[in-house]
Amino acid sequence: MSEKVHVLLSEEEVEKRIREIGEQISRDYEGRSVHLICVLKGGVFFTCELAKRLKIPVSLDFMSVSSYGDDTKSSGVVRIVKDLDEPLEGKDVLIVEDIIDSGRTLSYLMEVLRQRGPKSLKLCTLLDKPERRVRDVQVDYVCFNIPDEFVVGYGLDYAQKYRNLPYIGVVEL
Ligand SMILES: O=P(O)(O)OC[C@H]1O[C@H](OP(=O)(O)OP(=O)(O)O)[C@H](O)[C@@H]1O
Ligand SMILES: Nc1nc2[nH]cnc2c(=O)[nH]1
């Protein structure tokens, strides 16, 4: 079965905003390098696009956490599916996520990664749904605040579909 998807943020809007955030991060980290942590799977498209826009030295690592499975509602239990390959001690670490919704995933992840001794730990997200928050998360860089709707595209899925859409869309369920 195929769902209807309407455009919330066009490809042009998304890419323009990522360029802006990339410039801001490049200024903030001037003279340093940044260790990006891409949170799989959803964060992969945003991470690639953002990394290309950074004008500072970048290293990359990947982590996979899951709380939604194939559902549109969080299970409430965050699971590390794949851990990082490298230690974080002494690094300026920037977590790159596709979306912060309830905040459960990121409050858990920030806590886990903080204990690994990075020099600094910040968070960058493509999308934020602040009105859905049940856990407090300090977000350093937000591309877009969005309303409480289930979105897909630019890495975000519905039952593993639509990650490859080049824009952010809303699934009409
Ligand atoms: O703020 P929360 O309510 O915790 O939701 C945010 C999380 O949900 C999505 O991950 P998902 O579990 O769907 O995994 P995926 O990226 O592999 O699709 C997204 O990538 C975030 O990690
Ligand atoms: N695809 C998708 N995953 C999410 N995880 C948390 N919120 C969302 C959302 O709106 N869409």
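Q: Helices (H or I, at least four residues) and strands (E, at least two) are DSSP runs, numbered from the N terminus. In this predicted model, where does lysine 41 lie?
A: The peptide bond from leucine 40 to lysine 41 is cis, with omega near -10 degrees. Most peptide bonds are trans. Lysine 41 sits in the loop between strand 2 and helix 2.

Q: In what order do the six strands of the open sheet stand?
A: The pairing in this sheet is mixed. Strand 4 (79-82) and strand 7 (141-145) each have a single partner strand, so they stand at the edges. The twist averages 30 degrees from one strand to the next. The order is 4-3-2-5-6-7.

Q: Which residue in strand 3 stands opposite histidine 35?
A: Strand 2 spans 34-40, which places histidine 35 in strand 2. Strand 2 pairs with strand 3 (residues 58-66) in the parallel sense, over seven bridges. Opposite histidine 35 stands serine 59.

Q: What angle does the direction of helix 2 make with that of strand 2?
A: Helix 2 packs on the sheet and touches strand 2, strand 3, strand 5 and strand 6. Its buried residues are Phe45, Phe46, Thr47 and Leu50. They pack against helix 1, strand 2, strand 5 and strand 6. The angle with strand 2 is about 155 degrees.

Q: At what angle does helix 3 run to strand 6?
A: Helix 3 covers 104-114 and strand 6 covers 120-128. Helix 3 lies across strand 3, strand 5 and strand 6. Its angle to strand 6 is about 160 degrees.

Q: Which element gives the most to the largest nonpolar core?
A: The core has 36 residues. Ile37, Leu94, Ile95, Val96, Leu127 and Tyr154 touch the most other members. Elements giving two or more residues include helix 1 (11-28), helix 2 (44-53) and strand 9 (168-172). The top contributor, with six residues, is strand 5.

Q: Leaving aside neighbours within four places in sequence, which residues are in contact with isoleucine 95?
A: Strand 5 spans 92-100, which places isoleucine 95 in that strand. Isoleucine 95 is among the core residues that touch the most other members. Its contacts are Ile37, Val39, Leu109, Leu123 and Cys124.

Q: Is tyrosine 154 buried or exposed?
A: Tyrosine 154 is found in the loop between strand 8 and strand 9. Its phi is positive, about 50 degrees, although it is not a glycine. A residue is buried if 20 or more other C-beta atoms lie within 10 Å of its own. Tyrosine 154 has 29 within 10 Å, so it is buried.

Q: How does tyrosine 162 count, with 18 C-beta neighbours inside 10 Å: what is its exposure class?
A: Tyrosine 162 is also in the loop between strand 8 and strand 9, and has a positive phi of about 75 degrees. Buried needs 20 or more neighbours, exposed 12 or fewer. With 18, tyrosine 162 is therefore partly exposed.

Q: What is the bridge partner of valine 5 in strand 9?
A: Three strands form an open antiparallel sheet in the order 1-9-8. Strand 1 (4-9) and strand 8 are its edge strands. Strand 1 and strand 9 pair over five bridges. The partner of valine 5 is valine 171.

Q: How many charged residues are in the shell around ligand 2?
A: Nine residues surround ligand 2, and Ile99, Asp101, Phe150, Val151 and Leu156 come nearest. Seven of the shell residues are nonpolar and none is polar. The charged residues number two.

Methods: Residues numbered from 1 in each chain as written. Chains lettered and ligands numbered in written order. Predicted model: local features only at pLDDT ≥ 70, side-chain atom pairs only at ≥ 80, totals over all residues. Near = placed C-beta within 6 Å. Nonpolar A, V, L, I, M, F, W, Y, C, P; charged D, E, K, R; others polar. Core = buried A, V, L, I, M, F, W, Y, C linked by C-beta atoms within 7 Å. Contact = placed C-beta atoms within 7 Å. Pairing = 2+ DSSP bridges. Axes fitted to C-alpha atoms, helices over the stretch in contact; angles between N-to-C directions.
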